[in-house]
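Here are my notes on the sheet, in numbered points. Have the model open while you go through them.

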Amino acid sequence: MKFIFLSIFLITIACRNQPVQNTIITRTIPQSPVVKQEEKKPESESYEFKSERFDDARRIGRRKLNRVEINSCEKDDKIFVKINFYAKDKLRWALKNEFEFEKRGDLPIEPQLKDFNGDGFNDVTFVANIAVRGANQVRELLIFDSRKDELIHIKNSQEYPNLKYNPLLKCIDSMIFTGSTETSFLKIKDDKLVKFASVNDSGTERTVTVIDRNGIKKVIRREKQKDDGFYRYINYNPVMKYK
């Protein structure tokens with residue numbers, strides 16, 4: 001009997017020392033669909049440069065001592081023209097001017113280096129806008145200032161198409177084509193063009209007008225046209241055509 005109780009006691013102790021196994025319940029969790037979010041590219045402050053680039057250090061301003069860079073670039077579906085103007089400082093180019101213009105239309109910028117104020121230094125112009133009529137070329141004009149060794153932007157130059165230096169009157173003249181033609185005679189005052197005289201051909205009548213410093217206009221000559229031509233004039237008093 002004692003042997004039976006002893007056997008039961010030993011079996012009980014053995015069961016208590018048996019390690020308890022944890023039951024792991026595994027269930028499949030359906031995977032949520034992966035949604036790819038488009039990565040937003042940070043807005044760039046830089047410009048996309050188009051194919052039009054112009055760089056000159058031989059003809060602008062003081063030759064070989066000044067340099068102009070012109071780039072046509074695009075940003076936010078708009079076209080801009082960026083201009084950097086440099087002066088030589090010993091062996092390096094020092095930036096003197098920086099300009100940015102919004103350009104309208106897809107015409108090429110066609111930079112030109114010419115002397116527009118008769119000081120012997122070349123200035124710079126470029127096509128800036130689409131003209132109402134094809135014969136009217138609208139440009140921005142930047143004049144080289146030899147005293148400051150920098151460019152001056154002539155702010156109203158787009159108002160006067162087909163700009164040209166007038167060697168006879170030592171001024172700038174402009175010719176605009178509309179239903180008639182008008183040659184305007186202009187002088188540079190600070191950063192603007194100021195009209196002081198004009199010759200208008202209507203096809204039947206030629207009118208010469210002068211404008212004083214207060215902006216008051218006075219017709220000094222009116223005559224019937226003896227021809228039906230439209231001319232550009234180099235002088236208004238007396239009236240003289242370009243040859």
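1. Terms first: two strands pair if DSSP finds at least two bridges between them, and strands (E, at least two residues) are DSSP runs numbered from the N terminus, as are helices (H or I, at least four). This is a predicted model, where local features need pLDDT of at least 70, side-chain atom pairs count only at pLDDT 80 or more, and totals for chains, interfaces and linings use all residues. Residues are numbered from 1 along each chain as its sequence is written, and side-chain values use heavy atoms, with hydrogens and water left out.

2. The open sheet has four strands in the order 5-6-7-8, with antiparallel pairing. Strand 5 (112–114) and strand 8 sit at the edges with a single partner strand each, so one side of each has no neighbour in the sheet. From one strand to the next, the twist averages 30 degrees (axes are lines fitted to C-alpha atoms, for helices over the stretch in contact; angles run from 0 to 180 degrees between N-to-C directions).

3. Now strand 7 (residues 138–145): eight of its eight residues are buried, meaning under 20% relative accessible area (exposed is over 50%, partly exposed in between; 1.4 Å probe, protein chains only). Val138, Glu140, Leu142 and Phe144 point one way, Arg139, Leu141, Ile143 and Asp145 the other. In a regular strand the side chains alternate between the two faces of the sheet.

4. Strand 6 (residues 123–129) pairs with strand 7 antiparallel over five bridges. Val127 has Arg139 as its bridge partner, and Phe126 has Glu140.

5. On to strand 8 (residues 150–154): five bridges join it to strand 7, again antiparallel. Ile143 stands opposite Ile152 there. Four residues lie between the strands in this hairpin, and Asp149 takes a positive phi near 55 degrees.
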